[in-house]
Amino acid sequence: MPLLAHDRYCDEIAQQVEQLRAVVTSGADLSATVPTCPDWSLEDLVRHTGGALRWVDALVRSRAQENIPQEKVPLGAGPQERGDAAALDRWLADTGELVVGALREAGPDTGVWAWSGVLNSGFWARRMACEITVHRADAALPYEVAPDIAADALDEWLQLVEWVQGNTPHEAARDLRGPRRSIHLHATDTDKALNAEWTVELGEEGMSWRRGHEKATVALRGPLTSVLLAFYRRLPPDAPGLEVLGDREVLEFWLERTSFG
């Protein structure tokens with residue numbers, strides 16, 4: 001499937017920042033543990049997400065050709081005060097304006113360092129749209145996301161797993177190699193034109209994937225947002241509305257070995 005338009009990713013980042021700000025200013029306990037990221041408090045999650053956006057702003061704004069360490073990013077760790085919702089909200093608002101402005105000004109094709117094989121600002125617009133989409137779910141379940149973004153986030157995740165498997169020494173990604181098995185993802189609540197179905201094949205040569213309806217060793221069916229969150233390990237595969245058909249162990253095998261995201 002073709003990528004979404006660069007401005008669509010920028011718009012989504014801006015919208016997701018606003019929705020995350022709404023969580024910060026809702027009176028939520030910033031010290032509360034995030035169930036899907038139990039090592040983090042809500043404040044830690046917001047600082048992590050905003051810090052990633054600040055880092056990308058620094059990369060894109062400077063047209064960086066090598067990585068910029070996080071500690072060199074201005075205000076990359078967030079405001080000095082902890083437990084101050086107003087300060088955290090102001091920092092997050094400024095962060096969103098900075099990164100969206102830098103990405104819009106650069107357009108999709110400006111050369112910028114990246115850790116993947118796609119070395120341009122378009123990679124970062126897409127990566128941050130997907131990153132903040134999933135982390136907002138960490139901050140506020142249940143939630144919904146636009147179907148085009150949800151489908152693209154699944155595409156991107158499969159592409160990243162494929163890239164990690166082929167280009168890094170990560171043991172979990174190497175473990176995806178083995179006997180031939182397949183996983184089918186099927187969104188049950190979207191327009192057919194979106195083609196929100198995916199087939200992931202695992203074999204001795206590694207993993208591959210494609211869009212479309214096919215028989216598989218195991219299938220995960222349900223609303224698109226729920227399928228996305230289950231595949232990102234934010235919901236259990238047997239969460240309400242989801243259905244696992246076939247060899248559940250194959251799906252669990254995949255989820256265990258893609259926990260590096």
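This is a guided tour of one predicted model, moving from the whole chain to a pocket, a buried serine and a few backbone details.

**The whole chain**

Begin with the entire chain in view and colour it by secondary structure, which brings out 8 helices and 7 strands. Along the principal axes, the C-alpha atoms fill a box of roughly 50 × 40 × 35 Å. The radius of gyration is 19 Å, which agrees with the value near 18 Å that a compact globule of 261 residues would have. If you switch on the surface, you are looking at an accessible area of about 11800 Å², of which 52% belongs to carbon and sulfur atoms. Buried residues make up 53% of the chain, and among the contacts with a separation of 6 or more, 66% are between residues 24 or more positions apart.

**The second largest pocket**

Next, select S116, V118, F123, R126 and Q159, the lining residues that lie nearest the centre of the second largest pocket. This pocket has a volume of about 250 Å³, and its lining is made up of 15 residues, which divide by class into 6 nonpolar, 5 polar and 4 charged. To see where some of the lining comes from, highlight helices α4 (121–139) and α5 (147–167), each of which supplies at least two of its residues.

**S121, in helix α4**

Stay with helix α4 and select S121, which has its place there. Is S121 buried or exposed? Its relative accessibility is 0%, and therefore S121 counts as buried. Showing the surroundings of S121 reveals contacts with residues beyond four places away in sequence, including H6, V60 and L103, as well as A106, G107, P108, D109, T110 and V112.

**The loop after α4**

Now follow the chain out of helix α4 to P142, which is found in the loop between α4 and α5. Zoom in on the peptide bond that joins L141 and P142, because most peptide bonds are trans. The bond between L141 and P142 is cis, with omega at about 0°.

**Two residues with positive phi**

The last stops concern the backbone angle phi, which is negative in most residues other than glycine. Select N195, in the loop between β3 (181–187) and β4 (197–203), where phi is near 50° and so positive in a residue other than glycine. N195 is partly exposed, since its relative accessible area is 28%. Then move to R233, in the loop between α7 (224–231) and β7 (243–246), which has a positive phi of about 65° although it is not a glycine. With a relative accessible area of 25%, R233 is partly exposed.

How values were computed
Residues numbered from 1 in each chain as written. Predicted model: local features only at pLDDT ≥ 70, side-chain atom pairs only at ≥ 80, totals over all residues. Heavy atoms only, no water. 1 Å grid on protein atoms, 1.4 Å probe; cavity = no way out; pocket = protein on both sides within 12 Å on 5 of 7 lines; lining within 4 Å. Points joined across faces, edges and corners; volume = space filled by probe spheres on them. Helix = DSSP H or I, 4+ residues; strand = E, 2+ residues; numbered from the N terminus. Nonpolar A, V, L, I, M, F, W, Y, C, P; charged D, E, K, R; others polar. Buried < 20%, exposed > 50% of the residue type's maximum accessible area, 1.4 Å probe, protein only. Contact = heavy atoms within 4.5 Å. Rg over C-alpha atoms; globule rule 2.2 N^0.38 Å. Areas by Shrake-Rupley, 256 points an atom, 1.4 Å probe, with all protein chains shown as cover.
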